[in-house]
Amino acid sequence: MNKKLLALLIIAVLPLMAFDCITDFSSVTVSLNLAPITGTFPLNPGSGLTYGGITPPIDLASLFDKSYTLTGATLYDITVGTKGEDLGTGSGTVTITVNGTTTTLFTYNGAWTAFNTPQSLITSSLITKNQTGVSALINAVTGRQRVTLGVTGTIAKAPATKDTDFISVSVYVQASGHK
């Protein structure tokens, strides 16, 4: 009997309680997983032991729904992968350019074949992020700017054939925002 009385009392009191309902969705912040920011950089065959390149400009605003107002962003991973023959030990620097200012985003160093399975910033000691570059990236995301990724590097053995050796970079960012 007590349980029935308690249930009836709760049902009677519920309408009197002042629960806030969400009527203004601009106060609700949600996570927005952006498409990765990527670049693929082919290595030219020959005797050269250095390589480099830049991506076409990447419009960061195109990576998420434009109806959201961004309130923040965070880097959650970087991956570096290679394809092709064993080119020995290699190292490189990936840069980000925003409004004409180029900053190192991260560096990588290790055996070319180690990167045949893409290495992650989260799990690999072969990648080192540069916080200044990460800050520039986050500011570019929240400012909906255009960026380019660039890579420069060295390898121990020059590629022998055309269009078979390349390095791929992916930068993963999560943003937060509201409508």
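This is a short walk through the fold, the strand pairing and a few buried positions of one protein chain.

Hi everyone, and thanks for coming. Please keep in mind that this is a predicted model. The chain has a mean pLDDT of 87, and 87% of its residues reach 70 or more. Confidence varies by element: helix α1, residues 2-13, has the lowest mean pLDDT, at 68, while β7 has the highest, at 97.

Let's begin with the overall layout. The chain holds two helices and 11 strands. Reading from the N terminus, the order is α-β-β-β-β-β-β-β-β-β-α-β-β. Of the 179 residues, 37% are buried. If you take contacts between residues at least 6 apart in sequence, 82% of them join residues at least 24 apart. As for the surface, about 10,100 Å² is exposed, and carbon and sulfur atoms supply 58% of that area.

Now for the strand pairing, with β7 as our guide. Strand β6, residues 89-98, runs antiparallel to β7, residues 101-111, and 10 bridges join the two. One pair to look for is Thr 95 with its bridge partner in β7, Thr 104. The two strands form a hairpin with two residues between them, and Asn 99 in that turn has a positive phi of about 50°. β7 also pairs with β9, residues 127-129, again antiparallel, through three bridges. There, Thr 107 stands opposite Thr 128.

Next, the interior. Which residues touch the most other members of the largest nonpolar core? In this core of 39 residues, they are Ile 37, Phe 106, Tyr 108, Leu 137 and Val 171. Several elements each supply at least two residues to this core: β2 (37-42), β5 (69-83), β6, β7, α2 (131-142), β10 (146-155) and β11. Val 171 is a nice one to click on: leaving out residues up to four places away in sequence, it touches Pro 36, Ile 37, Leu 75, Asp 77, Ile 78, Leu 105 and Leu 137.

Let's look at Ser 170, which sits in β11, residues 166-178. Is Ser 170 buried or exposed? Its relative accessibility is 14%, so Ser 170 counts as buried. Beyond residues up to four places away in sequence, Ser 170 touches Ile 37, Thr 38, Asp 77, Ile 78 and Thr 79.

My last stop is strand β10, where I'd like to show you two positions. Leu 149 lies in this strand, and it counts as buried because its relative accessibility is 2%. Setting aside neighbours within four places in sequence, Leu 149 has contacts that include Ile 37, Phe 41, Ile 54, Ile 58, Thr 95, Leu 105 and Val 169. The C-alpha atoms of Leu 149 and Thr 104 are 9.7 Å apart, although 45 residues separate them along the chain. That is the Thr 104 we met as the bridge partner of Thr 95.

Gly 153 is in β10 too. Gly 153 has a relative accessible area of 8%, so it is buried. Its contacts, not counting residues up to four places away in sequence, are Leu 49, Thr 50, Tyr 51, Ser 91 and Gly 92. From Gly 153 to Tyr 108, the C-alpha to C-alpha distance is 9.0 Å, with their positions 45 residues apart in sequence. Tyr 108 is one of the core residues I listed earlier.

That's my tour. Thanks for listening, and I'm happy to go back to any of these positions on screen.

Terms used:
Residues are numbered from 1 along each chain as its sequence is written. This is a predicted model: local features need pLDDT of at least 70, side-chain atom pairs count only at pLDDT 80 or more; totals for chains, interfaces and linings use all residues. Side-chain values use heavy atoms; hydrogens and water are left out. Helices (H or I, at least four residues) and strands (E, at least two) are DSSP runs, numbered from the N terminus. Buried means under 20% relative accessible area, exposed over 50%, partly exposed in between (1.4 Å probe, protein chains only). Contact means heavy atoms within 4.5 Å. Two strands pair if DSSP finds at least two bridges between them. A nonpolar core is a set of buried Ala, Val, Leu, Ile, Met, Phe, Trp, Tyr and Cys residues joined through side-chain atoms within 4.5 Å. pLDDT is the predictor's confidence in each residue, from 0 to 100. Accessible areas come from the Shrake-Rupley method with a 1.4 Å probe; for residues, only the protein chains shown count as cover.
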